[in-house]
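Welcome! Let us walk through this structure together, one step at a time.

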Amino acid sequence: MPQAEPVGVIGAGTFGTAMANLLALNTEVMVYSRSEELAERLNREGFRFGVKLHERVTVVNDFSLVAERCQLIFPIVPSDAFRSMMRSITDHLRPNHVLIHGTKGLDVTGIQEDQIRTRGIERKNVHTMTDVIRQESVVVRVGALTGPNLARELLDGQPSASVIASKFDEVIDRAKLVLKSHQLHVFGTHDMLGAELAGVLKNVIALGSGILKGVGLGKNIQAMLITRGLVEMVHFGQALGSDKRAFFGTAGIGDLIATATSKKSRNYMFGYRIGSGETLAEVAATSPELAEGVRTLMITRHLARSMRLRVPITEMLYQIVFEGHPVNEAMNYLITYPYDVDVDFL
Ligand SMILES: NC(=O)c1ccc[n+]([C@@H]2O[C@H](COP(=O)([O-])OP(=O)(O)OC[C@H]3O[C@@H](n4cnc5c(N)ncnc54)[C@H](O)[C@@H]3O)[C@@H](O)[C@H]2O)c1
Ligand SMILES: O=P(O)(O)OC[C@H](O)CO
């Protein structure tokens, strides 16, 4: 029996569409697209990314309709557009709205993006998407949707598991009600920062894993990169104030396995192309949206420097992607890096 009230989704991209179809198994769904032409076409043709939109999905170009009809809304747009998206809708939001975002990236304030590489970046400049929702709106009940959720697999009807992270049981319970189905298992956690950061940071390791595949290396070194990458994610998370447990659950190692091993991941495929010999500029020229991990890599590398964190994989990947460092030399750096102990966190 479908829920009485529709659920909103902001963003008619790959993941927004996948989530809309999943939600539609339980409820009416209103997707907000900023393109009027796209909204009309999707309602008329009923197909997106080669997949039939569920009959309970409607696409609108007027956000006020979504705000009016839906109390629960999932914003799913890239991180570099998230704050401006929030500013564009904030006048329509009320304290009783519930926002659960599906974005796996970081927000930067106080410094222009194009200056990060020359001026560096500090902790105070970096925010999660739930921080941004609270900063830019009157909404209090916020959450994050994370976990191993490759959109292409979801669009193809394959099963998966997600994590809803929120400080509020009510947010977790409402999300479970509309998301749980034969296709999706849903976990809940109160560790919002840990779950958000795990989903964000794993994209950088996925990118590195793709690079290794691109240069033709095998599973042994891929395993080393993913394992040491997980340790680095934990160090990063702890330095940014989160608990380490989230990194060992579905939002952490679960998402890391999916993203760092799948050709259906944009992050992995970005790395694969770099490893195959293309430059950042060449990949960017043929990609309408760069993988989130590229921007996260730029932010976390400079953040690590200002916070004096020991993150050799992040440093190595930054040099390959942004400074054109040869992959083989970077590999040598990793292999000879003076890691003292294998598991070096408490
Ligand atoms: N693709 C995946 O498998 C996947 C899985 C989990 C999480 N995510 C995360 O979801 C986010 C979106 O990824 P995606 O794959 O859907 O990207 P996408 O590029 O396919 O789609 C992004 C959509 O956001 C829309 N958008 C941008 N600014 C907007 C605004 N101001 N208002 C309304 N819409 C706006 C764009 O028009 C586009 O349709 C990313 O942070 C990504 O990390 C993606
Ligand atoms: O952006 P992608 O395509 O690498 O997908 C990564 C997702 O976060 C997978 O859960």
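## Strands, domains and ligands

A good place to begin is a pair of strands in this predicted model: strand E7 (residues 98-101) and strand E10 run parallel and are joined by 4 bridges. Within this pairing, leucine 99 of the chain stands opposite valine 142 in E10. Strand E10 has another partner too, since 3 bridges join E10 to E11, and these two strands run antiparallel. Here you can find threonine 146 standing opposite valine 163 in E11. How many of the 6 residues of E10 are buried? The count is 5 of the 6, so E10 is largely enclosed by the rest of the structure.

Now follow the chain into the loop between strand E10 (141-146) and H7, where you will meet glycine 147. Is glycine 147 buried or exposed? Glycine 147 counts as buried because it has 26 C-beta neighbours inside 10 Å, and 20 or more are needed for that label. If we leave aside its neighbours within four places in sequence, glycine 147 is in contact with Ala161, Ser162, Val163, Thr250, Ala251, Gly254 and Asp255. Glycine 147 also appears in the UniProt record: the annotation "binding site", from an unreviewed entry, covers Lys104, Gly147, Lys202, Asp255, Ser265, Arg266 and Asn267.

Next, let us step back and look at the whole protein chain. The chain is divided into domain 1 (3-190) and domain 2 (201-335). The C-alpha centres of these two domains lie 24 Å apart. Where domain 1 and domain 2 touch, 24 residues from domain 1 and 22 residues from domain 2 take part in the contact. On the domain 1 side, at least two residues each are supplied by H4, helix H5 (116-119), helix H7 (151-155), strand E11 (160-165) and strand E12 (184-189). Sorted by class, that side of domain 1 has 11 nonpolar, 6 polar and 7 charged residues.

With the domains in mind, we can turn to ligand 2. Where does ligand 2 lie with respect to domain 1 and domain 2? Both domains give residues to the shell around ligand 2, so this ligand lies between them. There are 13 residues around ligand 2, and Asn149, Thr259, Ser265, Arg266 and Asn267 come nearest. Helix H11 (250-261) and H12 are the elements that give two or more residues to this shell. The largest share comes from H11, with 3 residues. The classes in the shell around ligand 2 are 5 nonpolar, 4 polar and 4 charged residues.

Arginine 266 deserves a second look. You will find arginine 266 in helix H12 (residues 266-275). Arginine 266 is buried because 23 other C-beta atoms lie within 10 Å. In a further "binding site" feature, again from an unreviewed entry, UniProt lists Thr14, Phe15, Arg34, Lys104, Ala151, Arg266, Leu290 and Glu292. These positions are spread over 279 residues of sequence, and they are also spread in space, up to 22.6 Å between C-alpha atoms.

Our last stop is ligand 1, which has 25 residues around it. Which of these residues come nearest to ligand 1? They are Gly13, Phe15, Met85, Lys104 and Ala151. Helix H1 (14-23) and helix H4 (79-89) each supply at least two residues of the shell, and H4 gives the largest share, 5 residues. By class, the shell around ligand 1 divides into 10 nonpolar, 11 polar and 4 charged residues.

To finish, pick out phenylalanine 15, which lies in helix H1 and is among the residues that come nearest to ligand 1. Phenylalanine 15 is buried, with 23 other C-beta atoms within 10 Å. Setting aside its neighbours within four places in sequence, phenylalanine 15 is in contact with Ile76, Gly102 and Ala151. Ala151 is itself one of the residues that come nearest to ligand 1.

Note on methods:
Residues are numbered from 1 along each chain as its sequence is written. Chains are lettered from A and ligands numbered from 1 in the order in which they are written. This is a predicted model: local features need pLDDT of at least 70, side-chain atom pairs count only at pLDDT 80 or more; totals for chains, interfaces and linings use all residues. A residue is near a molecule or strand if its C-beta atom, placed from the backbone, lies within 6 Å of it. Ala, Val, Leu, Ile, Met, Phe, Trp, Tyr, Cys and Pro count as nonpolar, Asp, Glu, Lys and Arg as charged, and the others, Gly among them, as polar. Domain bounds come from an automatic or database domain assignment. Two residues are in contact if their C-beta atoms, placed from the backbone, lie within 7 Å. UniProt positions are given in the numbering used here, feature names are shortened, and annotations may be inferred rather than shown by experiment. A residue is buried if 20 or more other C-beta atoms lie within 10 Å of its own, exposed if 12 or fewer, and partly exposed in between; C-beta atoms are placed from the backbone. Two strands pair if DSSP finds at least two bridges between them.
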